[in-house]
Amino acid sequence: MVLRGYVPTSEETLQTLAALRLQSLNSDFSTHAPFPRLEELFPPHVLHARLPAPRHRPSTKCRGARLRAGLLAGGLWGQVLAKQRAERDQRLRGRLREEGASTMAAIVEKWKLLQGMGRPEAMAAYVALVREWPGFGSTLFDVDLRAVRPQQGRGNGRPWQQVGLTPLSLQSPMGAGSQRLWLGVGAKAVSLYKPGELEPLDSFCYGRISSFGASDSSTFHLCVEDRDLLFETSQVDEIAQLLNTYLVSAGARQLPQPQELATRPPDPSTLPQGLCPMAGPWQHRPPMGSFRS
């Protein structure tokens, strides 16, 4: 989770986490201790983010200019461009090695400060740092939030609304495109995060979820009170199965005990109600051919 970049925190904290991992694996610092590779201790994307962004060549719109560029690319100019790209890639690899060496040196210095800390203490300190993120304990999925639609609009043909700058707003401008988010599915709630941000954009406890389902293998939708949220993801089945597990678990905690059932008839109000006031009884919708508009 940390190495995949799913714990948004500072580089200083990431280095401390790496040092705690080394202490847990190898105990106190020693020059003879086996060193894992840096990518096994520290998120690689953080190092890549330090590199300068590649410069984009301006697009050639004129047909004649494109033809001339194609002819040049097949001759001497193409060889020059290939050499420039190779030199640039070599410089980037060198810069990446330097950044990696600098980061490993900082991790080792922090590891030395942990001398005397036992393996259980190192593991506990590691977990304590990770737990500071509000999304700790959730399973995170990469999703594209494609559209938001008010639930009451389903019956009168109200269309899906494209997502804008505020992903969960029903007033977002049309045609703004999708937004890449993290969908966090936890024991108490479902949350949406912008990648790398500490606080969620929004969280929905299970009592607010009325239904969920899929139209195909890559499209998932979630009904939350007055909104239908439409996602595109490659993990539709995994999300649905995990949501169903948590919803059933949340409902089971609300059911009366066996001795209570023997002394009184079932009360509809004690049936699964989630963890906060319900918008309506939830249901797992099986995969459908298409959404109704």
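This is a short talk on the pocket, the cores and a few single residues of one chain.

Before anything else, please keep in mind that what we are looking at is a predicted model. The chain has 293 residues, of which 38% are buried, and its secondary structure comprises seven helices and nine strands. If we take the contacts in the chain with a separation of 6 or more, 61% of them are between residues 24 or more positions apart.

Let me start with the second largest pocket, whose volume is about 150 Å³. Which helices each supply at least two residues of its lining? They are helix 1, residues 11-26, and helix 5, residues 119-130, and it is helix 5 that provides the largest share, with six residues. Going through the lining by name, we find Leu20, Arg21, Ser24 and Leu25, then Arg119, Ala122, Met123, Tyr126, Val127 and Val130, and also Phe136. Sorted by class, that lining consists of eight nonpolar residues, two charged ones and one polar one.

Now to the interior. The largest nonpolar core contains 26 residues, and those with the most contacts inside it are Val2, Leu14, Leu38, Phe42, Ile107, Trp133 and Trp182. Helix 1, helix 2 (44-49), helix 4 (76-112) and helix 5 each contribute at least two residues to this core, with helix 1 giving the most, namely six residues. This core also draws at least three residues from each of two domains, domain 1 (2-51 + 80-132) and domain 2 (138-152 + 177-253). There is, in addition, a second, separate core of 25 residues, which includes Val185, Val190, Leu229 and Ala240.

To look at one member of the largest core in detail, take leucine 38: once its neighbours within four places in sequence are left aside, leucine 38 is in contact with Leu47, Gly100, Thr103, Met104 and Ile107.

Glutamine 15 deserves a look alongside it, and this residue lies in helix 1. Is glutamine 15 buried or exposed? It counts as buried, because its relative accessibility is 9%, and the cut-off for buried is under 20%. With its neighbours within four places in sequence again left aside, glutamine 15 is in contact with Phe42, Thr103, Ala106, Ile107 and Lys110.

Moving along the chain, leucine 230 sits in strand 8, residues 227-232, and it too counts as buried, since its relative accessibility is 13%. The C-alpha atoms of leucine 230 and serine 178 are 10.0 Å apart, while the two residues are 52 residues apart along the chain.

Alanine 187 is placed in the loop between strand 3 (179-185) and strand 4 (189-193). Because its relative accessible area is 42%, alanine 187 is partly exposed. Between the C-alpha atoms of alanine 187 and serine 249, which lie 62 residues apart along the chain, the separation is 8.6 Å.

I will finish with a backbone detail at serine 27, in the loop between helix 1 and helix 2. Most residues other than glycine have a negative phi. Serine 27, although not a glycine, has a positive phi of about 65 degrees. As for its surroundings, serine 27 counts as partly exposed, because its relative accessibility is 40%, and partly exposed covers the range between the buried limit of 20% and the exposed limit of 50%.

How values were computed
Residues are numbered from 1 along each chain as its sequence is written. This is a predicted model: local features need pLDDT of at least 70, side-chain atom pairs count only at pLDDT 80 or more; totals for chains, interfaces and linings use all residues. Side-chain values use heavy atoms; hydrogens and water are left out. On a 1 Å grid over the protein atoms alone, a cavity is a set of points where a 1.4 Å probe fits but cannot get out, and a pocket is an open set with protein on both sides within 12 Å along at least five of seven lines; lining residues have an atom within 4 Å of a point. Grid points are joined across faces, edges and corners, and a volume is the space filled by probe spheres set on the points. Helices (H or I, at least four residues) and strands (E, at least two) are DSSP runs, numbered from the N terminus. Ala, Val, Leu, Ile, Met, Phe, Trp, Tyr, Cys and Pro count as nonpolar, Asp, Glu, Lys and Arg as charged, and the others, Gly among them, as polar. A nonpolar core is a set of buried Ala, Val, Leu, Ile, Met, Phe, Trp, Tyr and Cys residues joined through side-chain atoms within 4.5 Å. Buried means under 20% relative accessible area, exposed over 50%, partly exposed in between (1.4 Å probe, protein chains only). Domain bounds come from an automatic or database domain assignment. Contact means heavy atoms within 4.5 Å.
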